Structures are given as C-alpha cells and as structure tokens.
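I opened the model to look up a few local features. My notes follow the order in which I checked them.

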Amino acid sequence: MDVVKAVLEKHQKELDKYKPITVEKHLECRLDVGTLLITDPNDFDDRQLKENREEYLAALTRDNTQLLVNAIWELSTERVDESIVAKLPEPTTILPRLRKVPGPRPLTKWEKFAKEKGIVKKKKDKKTYDETLDKWVPTYGFKRAEAEKEKEWVMEVPQNVDPNTDMFQKKVDLRNEKVAKNEIQRMKNIVRARKIDMPRSGYLGPEAASSNQLLTALTVAKSSTASVGKFQDKLPKEKEARGLGIKELIPGAKRKASHITDQPEKEANLDLIKSVLNKKPKLDVEKAISMQKRDDRLAREAEAGQQPAKKGSKKGGGKGSRKAVGKKPKGNRGQRAPGKKLQTGRKRR
C-alpha cells in the first residue's frame, strides 16, 4: 500500500505542474490584444497576500497570462516560414507619449527637385564591364579605385598648365573638394530640416574659431592703434577678453603706462600751465610741524643744561636704584653689563 500511495503522490505532483487553461474570475478582465495588455479589476486576497506573498502573486500573474494567451489563440492564424502566426487587431488602449509622433522625413533639396521634374532613380548594377581593362569592375568600393588607377596609369598634361604639375595629385585634390562640398550640402539639408538659422558662409566645422578666440582677436585688434585702443568706440554689451596670455598679445602692454588719461585734454593742459607759471614753493605742513617740534625740544634742553648721555656711562642711584645695563647681546657676543668683571670659578662662602 505504501508503494501505491507514493506512486499516486508522485503522479499528483506532476499534474500540479500543469494547471488547466481555464481560469475563473469573479469579475471579467479587460483585454487589449492589440497591445498584449490585460487589466484585472479583482481585489487582492489580503490573507493569502500576507501569508505567502510571492506564491500568490506568481499564481495571479500566471492566471492573467493564461487569459491573454487564450484570447490570442482565438484570433485568425496563418503560417509564415513554417511558423504559425496570429494577426493582432488594432489596439484599443491609448498609451500616453512623452513626445509627439515623429512625422515623415522632410525631402532634401535634390529629392524635391527630382520629384518636381519627375526624375526616377535607377538602380545600378554592382558590376560593370570595362572595355579598356577587358574585365568586370565593381561599381563602388575600394576595388573600383584600384581599377581606376590601373586604367589611368598615365595622364596627359595640358598645354596651359605647368609641365611639373602632378596631375594625379590634382585629381585627388579635386575629388576631396567634391567630397567636402557634398558634406556641406548634407549639413545644410539637416539644418533646413530642423529649421535652424545658419550663417550665409555655410557650415562651420570644428576648425572654425570659438567665441573666446574671436573676443581675444577683437581685443588685440582694438589695442593695436597708436593710442593703445584708448579712443576706440565700444559696442553695446561688449566684453573684454580675459585670461592667461592675453596681455602679452596686446601690443604695448609691457610698456610704461600711457600718458593718455580719462581727464579731458583742456583740463590737462591747464594743469600743466599752472604748474609751470606758479613759482611759489610747495609747503609741506607735516614736515614743517615736525621741524618746529624738534627746534622747541632742543631749546628746552639747552635751557635746562641737559646734554645727551654718553654710551656706557654710569649713574649713581639711591636705594633700590637699578643699574644701567647694555642691550642684550646677540649670538652670545658681548656682555650684558659692559665694565663689570665676570666672576670665574666656584663661589665660596
């Protein structure tokens, strides 16, 4: 009996792996097969959600996916390359978009011209027969260039051209010019499609000057006059170039300060005339006061009979008087009290 019970349990576990395709819901789910979307309006079972959350959500997801697959199998099917394909209907759910739906690509200048004139582009063959080389040559690619070199191994120099001119290099330069012209035209088509204002000079590549370089060039050009840019008019909201190495570029920046100032010319000339015609000496009030104080001090010392003390002289003092000592020596040179005999050896009592 134990063996039979074990076999039945094993069979039951295998059956549990394959659940039935029929799913019962209290409320019917809303299906949008066009976008492969299913919306389940039924409420969650709080008890099962708290007890075993992962298994409950996995079972719920499996049931909703089964409903969506059942709806897909109800559609009309067809066989494509040994595969059964279902044709989805138009979606009914409107999904929000961050950006607007992209419109058709605008026509280039050549495409617009070809459409107006009715020019139809013909598809070229991958290889063409070259009678000069007597073989088939690729229409495009590097092998095409190799075939051209093999075919044009010699080139004639026209009479109106210098005999030393390299015609092969001239042909390469002409081809590079055409490539650059096509690149400019391609960039113009992109600018025209995006409706961006473009300068009349055309597309400015990476070799064009930046705004800082143009500002530096403008500052240097304005400072290249005889007045070092003093009388140059400024544009509205014009800025001066700043940074390392800009002053060295300005001519005359390392010279002395310019004699030209913001003071009007008439006032500057009047000040110059006044300084020349005015012969009265200038009076320094602070210097005069210091000199007067010095004379008064000397007069008071003469009246009191005091003379300046000599260096190293001693004064007798009373009780508690302090002896005059010299300045503290520097670097162990000299004595603290000049004239005083130093005591050597151990002092005895």
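The entries below cover helices, a hairpin, a surface patch, salt bridges and a few single residues.

**Ground rules**

I am working on a predicted model, where local features need pLDDT of at least 70, side-chain atom pairs count only at pLDDT 80 or more, and totals for chains, interfaces and linings use all residues. Residues are numbered from 1 along each chain as its sequence is written, and side-chain values use heavy atoms, with hydrogens and water left out.

**Entry 1: helix α1**

I took helices and strands as DSSP runs numbered from the N terminus (helices H or I, at least four residues; strands E, at least two). I started with α1, residues 2-17. Its 16 residues should span 22 Å at 1.5 Å a residue. The expected span is 1.5 Å times one less than the number of residues. I found the end C-alpha atoms 23 Å apart, which agrees.

Next I asked how many residues of α1 are buried. Buried means under 20% relative accessible area, exposed over 50%, and partly exposed in between (1.4 Å probe, protein chains only). The count is 0 among 16, so I noted α1 as hardly covered.

**Entry 2: the β5 and β6 hairpin**

I looked up how strand β5 (residues 127-130) meets strand β6 (residues 135-138). They run antiparallel and 4 bridges join them. Two strands pair if DSSP finds at least two bridges between them. Tyr-129 stands opposite Trp-136. Asp-130 stands opposite Lys-135.

The hairpin has 4 residues between its strands. One of the loop residues is Asp-134. I read a positive phi of about 60° there, although Asp-134 is not a glycine. Asp-134 is exposed, at 52% relative accessible area.

I noted Asp-81 for its phi too. It is positive, about 50°, and Asp-81 is not a glycine either. Asp-81 sits in the loop between β3 (77-79) and β4 (84-86). It is exposed, with a relative accessible area of 73%.

**Entry 3: just after β6**

Thr-139 is in the loop between β6 and α5 (142-151). I asked whether Thr-139 is buried or exposed. Thr-139 is buried, at 17% relative accessible area. A polar atom of its side chain lies 2.6 Å from the backbone oxygen of Asp-125. My cut-off for a polar contact is a pair of N or O atoms within 3.5 Å; within protein, one must be able to donate a hydrogen and the other to accept it, and residues adjacent in sequence count only if both atoms are side-chain atoms.

**Entry 4: salt bridges**

A salt bridge is a side-chain nitrogen of Lys or Arg within 4 Å of a carboxyl oxygen of Asp or Glu. Side chains of opposite charge can pair when their charged atoms come close. I searched the whole structure and found 10 salt bridges.

I wrote down Lys-25 with Asp-40, whose closest N and O atoms are 3.1 Å apart. This pair links distant parts of the chain, 15 residues apart. Lys-25 is in the loop between α1 and β1 (30-32), and Asp-40 is in the loop between β2 (37-39) and α2 (46-51). Lys-25 is partly exposed at 25%, and Asp-40 is partly exposed at 23%.

His-26 also lies in the loop between α1 and β1. His-26 is exposed, at 74%. I put its C-alpha 7.0 Å from that of Asn-42, with their positions 16 residues apart in sequence numbering.

Two further pairs each lie in one helix. Glu-183 and Arg-186 are both in helix α6 (residues 167-194), 3 residues apart. Their closest N and O atoms are 2.7 Å apart. Glu-183 is partly exposed at 34%, and Arg-186 at 42%.

Glu-301 and Arg-297 are both in helix α10 (residues 285-304), 4 residues apart. Here the closest N and O atoms are 3.5 Å apart. Glu-301 is partly exposed at 29%, and Arg-297 at 39%. An α-helix has 3.6 residues a turn, so residues three or four places apart point the same way.

**Entry 5: a nonpolar patch**

Which residues make the nonpolar surface patch? I listed Leu-270, Leu-272, Ile-273, Val-276 and Leu-277, for about 510 Å². Patch residues have over 30% relative accessible area and no salt bridge; like charges are joined within 9 Å, nonpolar side chains (Val, Leu, Ile, Met, Phe, Trp, Tyr) within 5 Å. Areas come from the Shrake-Rupley method with a 1.4 Å probe; for residues, only the protein chains shown count as cover. Leu-270 lies in helix α9 (residues 265-277) and is partly exposed at 43%.
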